[in-house]
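Work through the exercises below with the sequence and the 3D structure at hand. Try each task before reading its solution.

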Amino acid sequence: MDAVAALNEIAFWLERERAATFKVQAFRKAAGIIADLEPAELEARAHDGRLKRMKGIGDRTYEVIRQAVNGEVPDYLEDLRQRSTGTLAQGGNELLSSLRGDLHSHSDWSDGGSPISLMAEAAQVLGREYLALTDHSPNLKVANGLSAERLTEQLDVVAAINAGTGKNGFTLLAGIEVDILENGELDQAPEMLDRLDIVVASVHSKLRSDRSTMTRRMLAGIRDPHTNVLGHCTGRLVEGSRGTRPQSEFDAKKVFAACAENNVAVEINSRPERQDPPDDLIQLALDAGCLFSIDSDAHAPGQLDFLQYGAARAASNGVPAERIITTWPLDRVLEWARTA
């Protein structure tokens, strides 16, 4: 099989099972190293040992490449395929099958680990009809947030990808995960936000602010006419390598009432370390009449399959499919986003 494809598929399955980043990157890096080699050159290097001496090619990646160029499915890939046959989450299968898209993902332009093209390809493999690329905004420097200039460049990349995938029934949406700043403003120029298909607005700083301060901040962000989705509303972490973090304090009834009034969807963030909002807040948002968006918040291709977790949580909380915008066809999503 194709060696580059084998390495990238291994990375996908490792990302899906939340393997350590350094382990995943070993395979992504090796794929990048050999991508420009002609097949005959790659085969020769694999057989005479020169490939193993190349910087960035370790024992495991070398063995994967060697088996692939010999026409075999690498043993390591086959093992991953076998152990990845099960589902990630219990329940929600019917709802999962109804999901058409994903409105929250990141690439290596901000704090994701893979190029935009690989994210788009993985979304297509998983059967998504659309994926919103929502890299961070400039205030989030720790995540290499995009300035207006870099976001403008990214729009050209998105357009180029869509030019190549248009006949495949898949669309990469231009978007952003924009910070709701302390004063409630969105962290990007309004004229740039006007050019995007989807705007996910999230709080990333001062998460321990008092209830009144956080409520005012969130309400201002929700009421901005550019906001389409309220991302991971509590900011909590319940497990994972980053440790745990308590949820932010805010007046959830006021926040969700504002979401319903301003046609802003409440995100059900599918990352297993977030599980955000908590179940009780999902119920409050339901009672408030909110729409929802089940999103992966993927930072790597394999994490796009995290939608399984979000679908299971939405189903367990009785969220109707018709109120989940990511079950809608693309034209309806875009019309909603324009008129929100």
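Rings of Phe, Tyr and Trp (its six-membered ring) count as a pair if their centres lie within 6.5 Å; planes over 60 degrees apart make the pair edge-to-face. The model used throughout is predicted.

**Exercise 1. Aromatic pairs**

Task: State how many aromatic pairs the structure holds, and classify the pair F306 and Y309.

Solution:
- Step 1. The count of aromatic pairs is 4.
- Step 2. A ring pair is described by the distance of the centres and the angle of the planes.
- Step 3. For F306 and Y309 the centres are 5.7 Å apart and the planes stand at 65 degrees, so this pair is edge-to-face.
- Step 4. F306 is a buried residue, with a relative accessible area of 1%.
- Step 5. Another edge-to-face pair is W328 with W336, at 6.3 Å centre to centre and 85 degrees between the planes. Both of these tryptophans, W328 and W336, are buried.

**Exercise 2. Charges over rings**

Task: Find which ring R332 lies over, and which ring R60 lies over.

Solution:
- Step 1. R332 lies over the face of W328, 3.7 Å from the ring centre.
- Step 2. R60 lies over the face of Y76, 4.3 Å from the ring centre.

**Exercise 3. Cysteines**

Task: Explain why C233 and C290 do not form disulfides with their closest cysteine.

Solution:
- Step 1. A disulfide requires two cysteine sulfur atoms within 2.5 Å.
- Step 2. From the sulfur of C233, the closest cysteine sulfur is that of C259, at 8.0 Å, which is too far for a bond.
- Step 3. From the sulfur of C290, the closest one is also in C259, at 5.1 Å, again too far for a bond.
- Step 4. The structure as a whole holds 0 disulfides.
- Step 5. C233 is buried at 5% relative accessible area, and C290 is buried at 0%.

**Exercise 4. The sheet and strand β7**

Task: Give the strand order of the open sheet, then describe how β7 is placed and covered.

Solution:
- Step 1. The open sheet has 7 strands in the order β1-β2-β3-β4-β5-β6-β7, and the pairing is parallel.
- Step 2. β1 (101-102) and β7 are the edge strands, each pairing on one side only.
- Step 3. β6 and β7 run parallel and are joined by 4 bridges. Across this pairing, V266 stands opposite F292, and N269 stands opposite D295.
- Step 4. In a regular strand the side chains alternate between the two faces of the sheet.
- Step 5. In β7 (residues 292-295), F292 and I294 are on one side, with S293 and D295 on the other. These four residues are all buried, and both faces of the strand are covered.

**Exercise 5. S270**

Task: Is S270 buried or exposed, and what does its side chain reach?

Solution:
- Step 1. S270 lies in the loop between β6 (265-269) and α12 (279-288).
- Step 2. With 1% relative accessibility, S270 counts as buried, because buried means under 20%.
- Step 3. Its side chain reaches the backbone oxygen of D295 at 2.8 Å.
- Step 4. Leaving out residues up to four places away in sequence, S270 touches I294, D295, S296, F306, L307, Y309 and G310.

**Exercise 6. Helix α13**

Task: Work out how many residues of α13 are buried and what covers them.

Solution:
- Step 1. α13 spans residues 307-316, and 7 of its 10 residues are buried.
- Step 2. The buried ones are L307, Q308, G310, A311, A312, R313 and A314.
- Step 3. Their cover includes α1 (3-16), α6 (93-98), β1, β6, α12 and β7.
- Step 4. G318, just after α13, takes a positive phi of about 70 degrees.

**Exercise 7. Two loop residues**

Task: Locate D210 and E72, and state how accessible each one is.

Solution:
- Step 1. D210 is in the loop between β4 (198-202) and α10 (211-223). At 45% relative accessibility, D210 counts as partly exposed.
- Step 2. The side chain of D210 reaches the backbone nitrogen of S212 at 3.1 Å. D210 and S248 are 38 residues apart in sequence, with 8.4 Å between their C-alpha atoms.
- Step 3. E72 is in the loop between α4 (59-69) and α5 (75-83). E72 is partly exposed as well, at 34% relative accessible area.
- Step 4. Apart from neighbours within four places in sequence, E72 is in contact with M1 and Q67. E72 and A3 are 69 residues apart along the chain, and their C-alpha atoms are separated by 9.8 Å.

Key. Residues are numbered from 1 along each chain as its sequence is written. This is a predicted model: local features need pLDDT of at least 70, side-chain atom pairs count only at pLDDT 80 or more; totals for chains, interfaces and linings use all residues. Side-chain values use heavy atoms; hydrogens and water are left out. Buried means under 20% relative accessible area, exposed over 50%, partly exposed in between (1.4 Å probe, protein chains only). A polar contact is a pair of N or O atoms within 3.5 Å; within protein, one must be able to donate a hydrogen and the other to accept it, and residues adjacent in sequence count only if both atoms are side-chain atoms. Contact means heavy atoms within 4.5 Å. Rings of Phe, Tyr and Trp (its six-membered ring) pair if their centres lie within 6.5 Å; planes under 30 degrees apart count as stacked, over 60 as edge-to-face and the rest as tilted. A charge sits over a ring if NZ of Lys or CZ of Arg is within 6 Å of the ring centre and within 35 degrees of the ring normal. Two strands pair if DSSP finds at least two bridges between them.
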